[in-house]
Amino acid sequence: MVAAFEEPGALERTVRAPIGEEPGAVALRLQTIEHLVHGWDLTRADGPNVFPHSLDFDARSNTFFAGSLKHGTVSAVRPDGKVRTFIDDPELVSAQAVLVDRERDRILVSNVDYGTADRSRKDAPFRVAGVGSYDLKSGKQDWCVDLTALTLDGKQHLISDVTVAPDGTAYAVDELTPTVFRIDRTGHASVFLRNDLLKGTLDIPDLLNGVGMSAVEWVEGNQLIIAMADGSLVRVPVKHPEKAQEVKFSAPLGSPTAGMRLLKDGSIAAVSSGLLTGKPAPIQRVEPRDGWKKATVKVTDTVEDPVTSDVTAGPDGTTYALSGGLADLFAGKPHDGFSLTPLKTD
């Protein structure tokens, strides 16, 4: 981990070479320090038993925000790897999806319950499904909506991810039912789409059956691209959600697909967990064709930790993968922190 240079004069004192030090060593030190000052060199974050599933980066504050499945909190992670609690809302049981909405100075967080959190109902997991909005500067709640109140179906629910359209409308996907919710800027929610195309077919032994939608992104053309855990993608035109259709691939995505990041050129970087195989998690680049009716897929990187659950933007256009120790969480074991791995996406 790397310490931030905050004390006046610290940078100048650090780069002053000792007498007799080789010029090449000085140059290398300068190059390293320039990297540390202008970017991150973080591969490990503190935060015992935080167990994040998702995170997002805020460039203005140079901070990652990571949700905690264990504590139901959202933590701020700075360049020195220190983790501090930023959002602590009693309404949040487990914080899964975390999305920084910079245009509206808020953080959106999905509320779930695997039955393993401090605030869980251990005898009734997956009965919590919601999204909360929190002020990006203070962490205070704007609103927190209960999406189970819209369904009243008695089924298990898991809001796996959230995305935001340019008008501020949020879309949240349910991993355990084929339901997409729409939430306006004031927190008023409605059912946007129910479609059997979004029904889960993947079983994860000893954890979940019928796992479906795992991630969502709003893309150009006013469309939602939804990642299914089985490795497929579904395109949903926002104005005509009844026309949802599966994206045709040049090669399949890895399964279970766990998280996505929309890249600047309109492509998507996706991470597929090695949870079921024990193999390194592949990072794949998905490039759209014909308005996302088709896409080409290629592997660009891997992460050694199989249980890698998200991929997100980082400083200066970089991309990072998150490994939050989730295998230990579900096994009831402690964990001393989490990893952020810089990625190649092309």
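Two strands count as paired here if DSSP finds at least two bridges between them, and strands themselves are DSSP runs of E, at least two residues long, numbered from the N terminus, while helices are runs of H or I with at least four residues. This is a predicted model, where local features need pLDDT of at least 70, side-chain atom pairs count only at pLDDT 80 or more, and totals for chains, interfaces and linings use all residues. Residues are numbered from 1 along each chain as its sequence is written, and side-chain values use heavy atoms, with hydrogens and water left out.

**View 1. The whole protein, with 4 helices and 26 strands.** Of the 346 residues, 54% are buried, meaning under 20% relative accessible area (over 50% is exposed, in between is partly exposed; 1.4 Å probe, protein chains only). Take contacts (heavy atoms within 4.5 Å) with a separation of 6 or more, and 50% of them link residues 24 or more positions apart. The accessible surface comes to about 15600 Å², with 50% of it belonging to carbon and sulfur atoms; areas are from the Shrake-Rupley method with a 1.4 Å probe, and for residues only the protein chains shown count as cover.

**View 2. Strand β16 and its partners on either side in sequence, β15 and β17.** β15 and β16 are antiparallel, with 6 bridges, and E217 faces I225 of β16 across the pair. Their hairpin leaves 3 residues between the strands, and G221 there has a positive phi near 95°. Next, β16 runs antiparallel to β17 (residues 233-237) over 5 bridges, with L224 bridged to V236. This hairpin has 4 residues in between, and its turn holds G231 at a positive phi of about 100°. In a regular strand the side chains alternate between the two faces of the sheet. Here Q223, I225 and A227 point one way and L224, I226 and M228 the other, all of them buried. With 6 of its 6 residues buried, β16 (residues 223-228) is therefore largely enclosed by the rest of the structure.

**View 3. The largest pocket, about 940 Å³ in volume.** On a 1 Å grid over the protein atoms alone, a pocket is an open set of points with protein on both sides within 12 Å along at least five of seven lines, and lining residues have an atom within 4 Å of a point. Points are joined across faces, edges and corners, and the volume is the space filled by probe spheres set on them. The lining has 41 residues, with D56, L99, V100, R102 and E217 nearest the centre. Elements giving it two or more residues include β1 (55-58), β5 (94-101) and β15 (213-219).

**View 4. D113, in the loop between β6 (106-112) and β7.** D113 is buried, at 1% relative accessible area. Beyond its neighbours within four places in sequence, D113 contacts V93, S120, R121, A124, P125, F126 and V128. A95 sits 18 residues away in sequence, at 8.6 Å C-alpha to C-alpha from D113.

**View 5. The hairpin of β7 and β8.** Strands β7 (residues 130-135) and β8 (residues 141-146) are antiparallel, joined by 5 bridges, and V131 lies opposite V145 of β8. Between them come 5 residues, and G139 in the turn has a positive phi of about 80°.

**View 6. An open sheet of 5 strands, ordered β19-β23-β22-β21-β20.** Pairing in this sheet is mixed, and β19 (248-249) and β20 are the edge strands, each pairing on one side only. β22 (residues 281-289) and β23 (residues 294-303) go antiparallel over 9 bridges, where E287 is partnered by T296 of β23.

Conventions: 1 Å grid on protein atoms, 1.4 Å probe; cavity = no way out; pocket = protein on both sides within 12 Å on 5 of 7 lines; lining within 4 Å.
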